[in-house]
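Subject: Handing over the structure

Dear colleague,

I am passing the structure on to you below, and after it you will find an account of what turned up in it. Please keep the sequence open beside the text as you read.

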Amino acid sequence: MNDLSSQFVQQHFRKYYESVTEFGIKRVMNREVAFSSFSKQGMVRHTSFPSMEALVSYVRENTPQHFYYSSAYYQNPSASMENKGWQGADLVFDIDGDHIPGSESMSYREMLVTVKLEVIKLLNILTDDLGIGKEYLEIVFSGSRGYHVHVYSLFDELESQERREIVDYISGRCIQTNNDLFPRSRWAERVISMREKLLEILAARGGWRKELEKMTGETTGNMTKKEIRESDYIDRNARKLAVELYASKIDEPVTIDIHRLIRTPGSLHGKTGMIVRTVNYEKLEEFDPLTETIPEGGGEEVKILVSKKNTVDLGGRILELGEGMAKVPAYMAVFLILRGVAEIARE
């Protein structure tokens with residue numbers, strides 16, 4: 001972005017942070033906090049604050065473009081990594097549009113709807129399979145392409161390998177590599193349910209082959225019904241379908257990393273200008289990130305120079321923008337500038 005656009009975006013961010021009184025960081029004095037600015041390359045790390053008030057004051061005086069905090073709790077969070085004194089870490093899950101097959105051909109809204117479905121899958125496993133109460137869960141829209149789910153208090157002391165086992169369970173990898181599931185496990189129930197559906201199709205008199213191949217995405221060749229039953233076709237595809245329908249597409253390294261930096265709830269995402277927003281568990285399905293994460297006071301219109309044709313669905317407005325001059329709300333101008341497809345127009 002050019003200097004004029006940078007100044008405009010920074011002013012927009014500064015105005016927002018002047019209205020913020022707290023951020024969604026629990027036990028802030030035990031967290032490492034990290035920032036990147038508009039004017040300098042790289043990230044300022046290994047900082048900490050004795051209170052939320054001190055953090056808010058710092059952010060108001062030093063407007064960040066990106067703002068993170070550690071999933072870990074430390075005895076000395078501002079020390080070097082080997083001297084921090086690790087005390088535990090939240091269990092954090094990240095689901096992002098980058099991990100959704102075919103997302104590159106979706107609109108922004110379509111991609112976010114698809115990502116939310118993956119979040120719901122994750123929440124179902126956490127609550128139904130692992131028995132985690134909703135009071136221990138926090139859902140956060142990342143401000144851009146996905147969601148973070150934080151689990152507080154229950155798994156703080158787990159090391160990376162133990163967290164990897166949780167990842168293997170949630171991703172369904174546990175059933176892809178192990179046929180001897182506990183007979184009463186939730187994954188066993190899901191596989192059995194898929195198997196019964198496939199066998200029901202196989203038992204049909206007509207059209208069974210086409211229907212079976214449509215459901216599994218795998219050809220049956222010239223196999224007879226008897227040959228299909230005696231092969232691993234049904235069991236293998238039952239496991240595959242169970243994973244496709246119920247496993248969640250999480251960013252696995254985020255969950256395994258016990259020193260991970262994660263975006264701060266209540267901050268602005270540095271590539272969109274949208275709020276990193278905590279979402280009420282009961283209202284997740286109706287939550288619309290494209291309207292509910294726009295900072296207040298950003299509706300005044302400004303002139304921009306668009307370098308690439310865009311359809312922008314944001315803040316309750318849908319605009320078709322061609323290359324050249326356009327007049328858009330300030331929050332939309334910030335979004336397009338940070339995405340690298342527009343600049344503030346010079347008078």
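Leaving aside residues up to four places away in sequence, Ser71 touches Arg31, Gly88, Ala89, Asp90, Val92, Asp257, Ile258, His259 and Arg260. Please bear in mind, here and below, that this is a predicted model. Ser71 sits in the loop between β3 (66-70) and β4 (72-74), and because its relative accessible area is 2%, where anything under 20% counts as buried, Ser71 is a buried residue. To place Ser71 against another part of the chain, you can look at Ala34, which is 37 residues away in sequence, and whose C-alpha atom is separated from that of Ser71 by 12 Å.

Next come the sheets. In one of them, an open sheet of four strands, the order is β2-β1-β3-β9 and the pairing is antiparallel. Its edge strands are β2 (44-47) and β9 (261-263), each of which pairs on one side only, and from one strand to the next the twist averages 30°. Within this sheet, strand β1 (residues 33-36) is joined to β2 by two bridges in the antiparallel sense, and there you can find Phe35 standing opposite Val44 in β2. Helix α2 (residues 52-61) lies across β1 and β3, and the direction in which α2 runs is at about 10° to β1.

As general background, the strands of a sheet pair through backbone hydrogen bonds, either parallel or antiparallel.

Another open sheet is formed by four strands in the order β6-β8-β7-β10, again with antiparallel pairing. Here the edge strands, each pairing on one side only, are β6 (91-96) and β10 (277-279), while neighbouring strands are turned against each other by 25° on average, with direction ignored. Strand β7 (residues 137-141) and strand β8 (residues 146-151) pair over five bridges in the antiparallel sense, and if you follow Ile139 across to β8, its bridge partner is Val149. Helix α3 (residues 108-129) lies across β6, β7 and β8, running at about 15° to β8.

Finally, there are two places where helices pack against each other. Helix α1 (residues 3-17) and helix α12 (residues 330-338) have their axes 10 Å apart and pack at an angle of about 125°, and α1 and α12 are therefore oblique to each other. Their crossing is left-handed. On the α1 side the contact involves Ser5, Phe8, Val9, His12 and Phe13, which meet Ala330, Tyr331, Ala333, Val334, Ile337 and Leu338 in α12; sorted by class, this contact of α1 with α12 has nine nonpolar, two polar and no charged residues.

The other place involves helix α7 (residues 208-216) and helix α9 (residues 233-246), whose axes come within 10 Å and cross at roughly 40°, which makes α7 oblique to α9. The residues that make this contact are Leu212, Glu213, Met215 and Thr216 of α7, together with Tyr233, Asn237, Lys240 and Leu241 of α9, and they divide into four nonpolar, two polar and two charged.

With best wishes

Note on methods
Residues are numbered from 1 along each chain as its sequence is written. This is a predicted model: local features need pLDDT of at least 70, side-chain atom pairs count only at pLDDT 80 or more; totals for chains, interfaces and linings use all residues. Side-chain values use heavy atoms; hydrogens and water are left out. Axes are lines fitted to C-alpha atoms, for helices over the stretch in contact, and angles run from 0 to 180 degrees between N-to-C directions. Angles under 35 degrees count as roughly parallel, over 145 as roughly antiparallel, 65 to 115 as roughly perpendicular and the rest as oblique. A crossing is left-handed if the near helix is turned anticlockwise from the far one by less than a right angle, and right-handed if clockwise. Contact means heavy atoms within 4.5 Å. Ala, Val, Leu, Ile, Met, Phe, Trp, Tyr, Cys and Pro count as nonpolar, Asp, Glu, Lys and Arg as charged, and the others, Gly among them, as polar. Buried means under 20% relative accessible area, exposed over 50%, partly exposed in between (1.4 Å probe, protein chains only). Two strands pair if DSSP finds at least two bridges between them.
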